[in-house]
Each structure stands twice: as C-alpha cells, then as structure tokens.
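This briefing is intended for a reader working from coordinates. Please view the sequence and the structure together before reading the points below.

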Amino acid sequence: MNFHDLFIPTKNAAPADEVSRNGQLLQQAGYVDKLHAGVYSWLPLGLRVLENVARVIREEHAAIGANEVLMPALQPKTLWEETGRWATMREVMYQFDDGHHHDVGLAATHEEVIVDIVRRSQPTYRDLPYGLYQMQWKFRNEPRAKSGVMRGREFLMKDLYSFHASAEDLQTYYECVHEVYGKIFKRCGLQALITEASGGTFTKRHSHEFQVLSPAGEDNILHCPSCGYAQNVELGTSPTCPKCGAAASIEKSIEVGNTFNFGDYYGTAMRCTFTDAQGKRQPIHVASYGIGVSRLVGAVAEVHADDRGLVWPASIAPFRAHVLIAGKADDALQKQASAFCAEHSAHVLFDDREVSPGYKLKDADLLGVPLRFVFSARNNGRVECTERATGTTTILTEAEAHARLTAL
Ligand code: ATP
Ligand code: MG
C-alpha cells in the first residue's frame with residue numbers, strides 16, 4: 001500500500017499532554033488519536049495492529065471450539081440488580097436514565113448478559129459445555145486514565161465465558177484456556193506470567209492474572225526467579241516465594257488478562273440451570289476469561305520500543321516491510337520498487353511521499369515495521385534490508401528480499 005493513500009499523521013514530537021510512553025509513541029507515530037482522557041480513536045495503522053491481535057485471539061479461540069458472539073453495550077439495570085452489581089459497580093459503570101424512565105448502564109463486563117442468554121436457552125447436560133466469547137468495547141469510569149491505551153475509559157476487551165455441568169469439567173476447560181492465553185501472548189510478542197490474585201467480589205477462589213513485567217505497569221507482583229511463581233501483592237505477600245521459599249522480588253507489571261472461576265455462583269444467583277441425566281435442574285458452573293485487547297497493544301508498545309520509536313513483532317505489525325527509495329528516484333528504480341511492492345501489496349508500506357529520504361527513514365523507525373527495504377541507485381539492482389529490532393543491515397538480491405518478506 002502507498003503511504004500517500006493512507007491517513008498516517010506522524011508528528012515531530014510526542015503530544016505534551018500525554019505522560020505514558022505507549023500513548024506518546026502511538027500518537028506521535030499516527031496510530032491513535034486522543035479525544036479526551038482514556039478515550040482514543042484507532043487510526044488506520046493502529047486499527048491494523050488491533051485487528052492483527054484480534055485475529056491471533058480468534059485463531060486460538062477457534063482451536064478450542066469457542067463460538068464468537070457480540071453482545072450489547074447498553075444494558076438494563078434490572079439484570080444487574082440480580083447479582084447486586086448495579087450498586088457495587090456504581091463507581092466504575094456509566095449508569096443513567098434513558099429519558100423514558102428506564103435506568104440503563106454501559107457494559108463494563110458481560111457476565112450478567114451472557115448468563116441471562118444461556119439460562120433462557122434451558123440447556124440439558126447434553127448441551128454443555130459452552131464456550132462463548134466476544135471482542136467488544138467496554139466502558140469503565142476509570143478515575144486515573146493516565147496510562148495511554150493501557151487504561152481506557154472505553155477499551156476493547158475479548159471476553160470468553162464458559163458454562164459447565166460440573167466443577168471438574170470447568171476446571172479442565174479453565175486450565176486449557178490458560179494454555180491458550182499463554183500461546184496468544186507469546187504470539188503477540190509478550191511473555192506473560194500467570195499470577196495468583198484475589199477472586200473479586202463473588203468468589204473465595206483466587207483468580208489468575210496474566211502479567212507482563214514492565215516499569216510502566218500499574219500492578220505490583222511478587223515474582224520468584226527460581227520457580228517462576230507469581231502472585232499479585234494485593235494478596236499480602238512476603239519477600240520469599242510462598243511456593244519454594246527462595247528470595248523473590250516485587251516488580252511492576254501490566255495485567256493483560258484475567259480469568260475467574262465462579263463455580264456455581266452465577267448458576268445459583270441468577271438461577272441459570274441445566275437439566276441433569278436424572279431430569280433434575282442443577283446450577284450451571286460458570287467461568288469468565290478476559291484479555292484487554294487494546295491494553296495489549298499498549299503493552300507491546302511499552303515493551304517493544306527504543307528511543308527512535310516502536311518495534312512491532314512481525315505477528316501483529318501493521319505491515320511486514322517499509323519500502324522507500326533513497327537518492328534520486330529515476331524511472332527504472334521507481335519501477336523496480338513498485339513491482340517489488342506489488343508482489344506483497346497488503347503487507348508492504350511503500351513510502352511514496354514527496355519528502356526527503358532522511359524524513360522517510362526517521363518515520364520508518366518511528367512506525368516500527370519489522371523490515372525496511374531501501375532501493376537506491378548505489379545498490380546496482382540489489383536491495384538494502386534493515387531489521388528494525390536489531391538494526392542489522394544486509395544487501396540482498398531481489399529474490400532474497402522477496403524470500404525474507406515471505407518468511408516473516
Ligand atoms: P485493572 O485491575 O487493570 O483495572 P481489572 O482487573 O479491573 O483491570 P478485568 O475486569 O479483569 O480488569 O478485565 C479483563 C482485562 O481487561 C484486564 O485483564 C485488562 O487486560 C483489561 N482491562 C481492564 N480494564 C481496562 C482498562 N481500563 N483499559 C484497558 N484495558 C483494561
Ligand atoms: Mg483483572
């Protein structure tokens with residue numbers, strides 16, 4: 001694709017009102033635009049990254065047979081009163097009168113809605129388990145939205161809910177989702193530690209968070225370098241590892257995912273039941289599993305960046321390569337570069353702007369696409385290939401350059 005045909009409003013400097021590194025970089029590179037605190041627009045490049053992350057998530061959820069759905073953001077108070085969360089979530093949930101004497105709220109999460117859907121389907125033990133997920137925008141009235149896209153008041157979450165006839169079946173599925181989460185974060189270039197945390201309001205069990213170590217994180221976790229165990233410090237940890245007794249350290253981290261085993265809480269509180277083999281109605285066992293999709297993009301921007309800009313892992317990068325012509329772009333060179341790009345059209349960003357090569361090189365670093373190909377008369381038909389992550393430059397034949405691109 002041609003740079004000139006895309007809306008990529010890069011800036012010379014980071015916006016002065018943004019304190020987080022991810023927010024600064026993503027705005028300076030033209031990936032997102034800030035409307036007000038914690039509320040961002042996703043511009044063409046940012047949207048490509050967000051959709052790449054969503055694609056990875058969808059592929060891994062398809063592999064365990066989960067079904068994608070899409071639930072409403074506008075939800076009635078009456079449903080939330082069944083679990084008492086209309087009152088307990090008042091601070092974080094946007095709640096208002098719709099002007100027709102109905103109280104409604106904007107979705108901060110979707111347990112109540114999905115449980116309502118499943119209970120009205122009146123499943124039997126033969127129907128279960130169900131794994132239903134969505135990729136949906138959530139609204140939360142966050143008091144301190146200062147972490148860029150990592151703490152939005154409007155943010156994209158992938159939320160999966162599973163429904164089971166027994167605690168054992170739920171446990172097996174729960175562990176399987178943990179494996180899936182590990183794969184998703186790895187594919188997106190993040191090393192996430194499974195961390196024990198409190199279970200929230202409804203369960204005495206621990207929940208499990210997926211935490212990425214980073215000074216930009218808002219969480220503090222105890223991390224044991226010996227056995228790998230991790231625990232959120234909200235649980236009141238000591239300086240030694242509760243698992244193996246070795247000295248552990250407390251580190252800042254970003255919560256990119258969270259899983260909850262609610263047991264039969266929702267089945268009981270919302271009378272969400274299934275018919276067992278004896279024809280008796282029993283409460284369904286429910287778990288929920290969230291990934292902050294837009295936060296994940298922010299976390300990658302925090303972890304994979306340097307003083308020149310973003311450094312995307314190939315799996316989620318907006319393009320595989322950034323192509324430009326250095327020096328005088330005569331017809332032959334122009335033709336060669338265009339033909340090269342045409343073979344990889346959707347994966348390549350061709351910088352066809354009428355600006356200096358220096359300006360293009362600076363933007364290429366800022367944008368952080370994994371490979372940069374420079375066509376220049378100096379190279380006698382060959383192509384200069386630079387890896388954004390390592391800075392390594394090699395001179396390749398065109399065939400080799402094609403191969404490099406295809407291999408990504
Ligand atoms: P936090 O403790 O960071 O406020 P949370 O525990 O309230 O998050 P969950 O309800 O567990 O969040 O939501 C699931 C996932 O959604 C989180 O693990 C996180 O990755 C993401 N998430 C939560 N709040 C936000 C937010 N305000 N902006 C962006 N992503 C968020
Ligand atoms: Mg959480």
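The notes that follow treat a metal site, two helices and a sheet in turn.

The model is predicted. Its magnesium ion (ligand 2) has Glu-255 and Asn-258 as protein donors. An open sheet of five strands is also described, with mixed pairing.

**Magnesium site**

- The magnesium ion (ligand 2) is bound on the protein side through OE of Glu-255 and OD1 of Asn-258, at distances of 2.1 to 2.2 Å.
- Glu-255 has a relative accessibility of 21% and is therefore classed as partly exposed, since buried means under 20%.
- Asn-258, by contrast, has a relative accessible area of 11% and is buried.

**Helix 1 and Arg-21**

- Arg-21 belongs to helix 1, which covers residues 21-28.
- The relative accessible area of Arg-21 is 35%, so this residue counts as partly exposed.
- When neighbours within four places in sequence are set aside, Arg-21 is in contact with Glu-302, Asp-306 and Asp-307.
- Arg-21 and Ser-147 are separated by 126 residues in sequence, while their C-alpha atoms are 8.1 Å apart in space.

**Helix 5**

- Helix 5 spans residues 111-120 and is mostly covered, with eight of its ten residues buried.
- The buried residues of helix 5 include the charged residues Glu-111, Glu-112, Asp-116 and Arg-119.
- Val-113, Ile-114, Val-115 and Val-118 are also buried in helix 5.
- Gln-122, just after helix 5, adopts a positive phi of about 45°.

**Five-stranded sheet and helix 11**

- The open sheet has the strand order 20-19-21-22-23.
- Strand 20 (348-350) and strand 23 (393-396) are the edge strands; each has a single partner strand, so one side of each lacks a neighbour in the sheet.
- From one strand to the next, the twist averages 25°.
- Strands of a sheet pair through backbone hydrogen bonds, in either a parallel or an antiparallel manner.
- Strand 19 (residues 321-326) and strand 21 (residues 371-376) run parallel and are joined by six bridges.
- Within this pairing, Leu-324 stands opposite Val-374 of strand 21.
- Helix 11 (residues 398-407) lies across strand 19, strand 20, strand 21, strand 22 (383-387) and strand 23.
- The angle between helix 11 and strand 23 is about 125°.

Technical notes:
Residues numbered from 1 in each chain as written. Chains lettered and ligands numbered in written order. Predicted model: local features only at pLDDT ≥ 70, side-chain atom pairs only at ≥ 80, totals over all residues. Heavy atoms only, no water. Donors = N, O, S within 2.8 Å, 3.2 Å for Na, K, Ca; no water. Buried < 20%, exposed > 50% of the residue type's maximum accessible area, 1.4 Å probe, protein only. Helix = DSSP H or I, 4+ residues; strand = E, 2+ residues; numbered from the N terminus. Contact = heavy atoms within 4.5 Å. Pairing = 2+ DSSP bridges. Axes fitted to C-alpha atoms, helices over the stretch in contact; angles between N-to-C directions.
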